[in-house]
Amino acid sequence: MKKVELGGQKRPIRFSYLCLKAICNKLGLKLNELNQLGTEIEHIGVIAYFGFKYGAKKQGEKFSYKISDIEEWLDNEDFSKINEIFEAFQLDQPQGEGK
């Protein structure tokens, strides 16, 4: 599982089925609108929050943060952290079989 250093420590990040469901519910998106994730600035904190929440869950770690906490961490970092989060998101997506 990928880890991203944010908020002063390396944190597991995972985008599972339940994570994607929570992201869609929070942002009011339907499954066929997943391609819209990341098109709005507000999406970044939500995507990161749920990725870290479900990463912690998978590792059996406590997670007691809010979206605003994650956004504050992101604000204190350079934009490369956002790229790392989106990279992790891409890695967790199902890959198509050979063309």
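The following exercises, each with a worked solution, concern the helices of a predicted model.

**Exercise 1. The two sides of helix H4**

Task: Determine which residues of H4 are buried and how they are arranged about the helix axis.

Solution.
Step 1. Helix H4 spans residues 80-91, a run of 12 residues. From its first C-alpha to its last it reaches 16 Å, close to the 16 Å expected at 1.5 Å a residue.

Step 2. Buried means under 20% relative accessible area. The residues of H4 that are buried are Lys81, Ile82, Ile85, Ala88 and Phe89. Viewed down the axis of H4, these buried residues fall within an arc of 120°, so they line one face of the helix.

Step 3. A general rule helps in reading such a pattern: an α-helix has 3.6 residues a turn, so residues three or four places apart point the same way.

Step 4. Asn83, Gln90 and Leu91 are exposed on the other side of H4.

Step 5. The cover over the buried residues of H4 includes strand E1 (3-6), helix H1 (17-27), helix H2 (41-59) and helix H3 (67-75).

**Exercise 2. Two buried residues of H4**

Task: For Lys81 and Ile82, establish the relative accessibility and identify the contacts beyond four places in sequence.

Solution.
Step 1. Lys81 lies in helix H4. Its relative accessible area is 12%, and the cut-off for buried is under 20%; Lys81 is therefore buried.

Step 2. With neighbours within four places in sequence left aside, Lys81 is in contact with Val4, Glu5, Leu6 and Leu74.

Step 3. Ile82 is also found in helix H4. Ile82 counts as buried because its relative accessibility is 14%.

Step 4. Ile82 touches Ile44 and Leu74, residues up to four places away in sequence not being counted. The C-alpha atoms of Ile82 and Gly45 are separated by 9.2 Å, although the two residues are 37 residues apart along the chain.

**Exercise 3. How H2 packs against H1, H3 and H4**

Task: Give the angle and the axis separation for H2 with H1, with H3 and with H4, and classify each pair.

Solution.
Step 1. H2 has 19 residues and reaches 28 Å from its first C-alpha to its last, close to the 27 Å expected at 1.5 Å a residue. Gly60 follows H2 and has a positive phi, near 75°.

Step 2. H1 and H2 pack at about 150°, and their axes are 9 Å apart. Angles over 145 degrees count as roughly antiparallel; H1 and H2 are therefore roughly antiparallel to each other. H1 contributes Leu18, Cys19, Ala22, Ile23, Lys26 and Leu27 to this contact, while H2 contributes His43, Val46, Ile47, Phe50, Gly51, Tyr54 and Lys57. The crossing of H1 past H2 is right-handed.

Step 3. H2 and H3 pack at about 110°, with axes 9 Å apart. Angles of 65 to 115 degrees count as roughly perpendicular, so this term applies to H2 and H3. The contact joins Ile44, Gly45, Val46, Ala48, Tyr49 and Phe52 of H2 to Ile67, Ile70, Glu71 and Leu74 of H3.

Step 4. H2 and H4 pack at about 60°, with axes 10 Å apart. That angle makes H2 oblique to H4. H2 passes H4 in a left-handed crossing. Here Ile44, Ile47, Ala48 and Phe52 in H2 meet Ile82, Ile85 and Phe86 in H4.

**Exercise 4. H1 and the loop that follows**

Task: Identify the buried residues of H1, then describe the surroundings of Leu37 and His43.

Solution.
Step 1. Cys19, Leu20, Ala22, Ile23 and Cys24 are buried in H1. H2 and H4 are included in what covers the buried residues of H1.

Step 2. Gly28 follows H1, and its phi is positive, near 70°.

Step 3. Leu37 is located in the loop between H1 and H2. Leu37 is buried because its relative accessible area is 10%.

Step 4. Beyond four places in sequence, Leu37 is in contact with Ile23, Leu27, Leu29, His43, Ile47 and Phe89. Of these contacts, Ile23 is 14 residues from Leu37 in sequence and 9.0 Å from it in space, C-alpha to C-alpha.

Step 5. His43 has its place in helix H2. His43 counts as buried, since its relative accessibility is 8%. Apart from neighbours within four places in sequence, His43 is in contact with Leu27, Gln36, Leu37 and Gly38.

Key
Residues are numbered from 1 along each chain as its sequence is written. This is a predicted model: local features need pLDDT of at least 70, side-chain atom pairs count only at pLDDT 80 or more; totals for chains, interfaces and linings use all residues. Side-chain values use heavy atoms; hydrogens and water are left out. Helices (H or I, at least four residues) and strands (E, at least two) are DSSP runs, numbered from the N terminus. The expected span of a helix is 1.5 Å times one less than its number of residues. Buried means under 20% relative accessible area, exposed over 50%, partly exposed in between (1.4 Å probe, protein chains only). The arc is that of the directions from the helix axis to the C-beta atoms. Contact means heavy atoms within 4.5 Å. Axes are lines fitted to C-alpha atoms, for helices over the stretch in contact, and angles run from 0 to 180 degrees between N-to-C directions. Angles under 35 degrees count as roughly parallel, over 145 as roughly antiparallel, 65 to 115 as roughly perpendicular and the rest as oblique. A crossing is left-handed if the near helix is turned anticlockwise from the far one by less than a right angle, and right-handed if clockwise.
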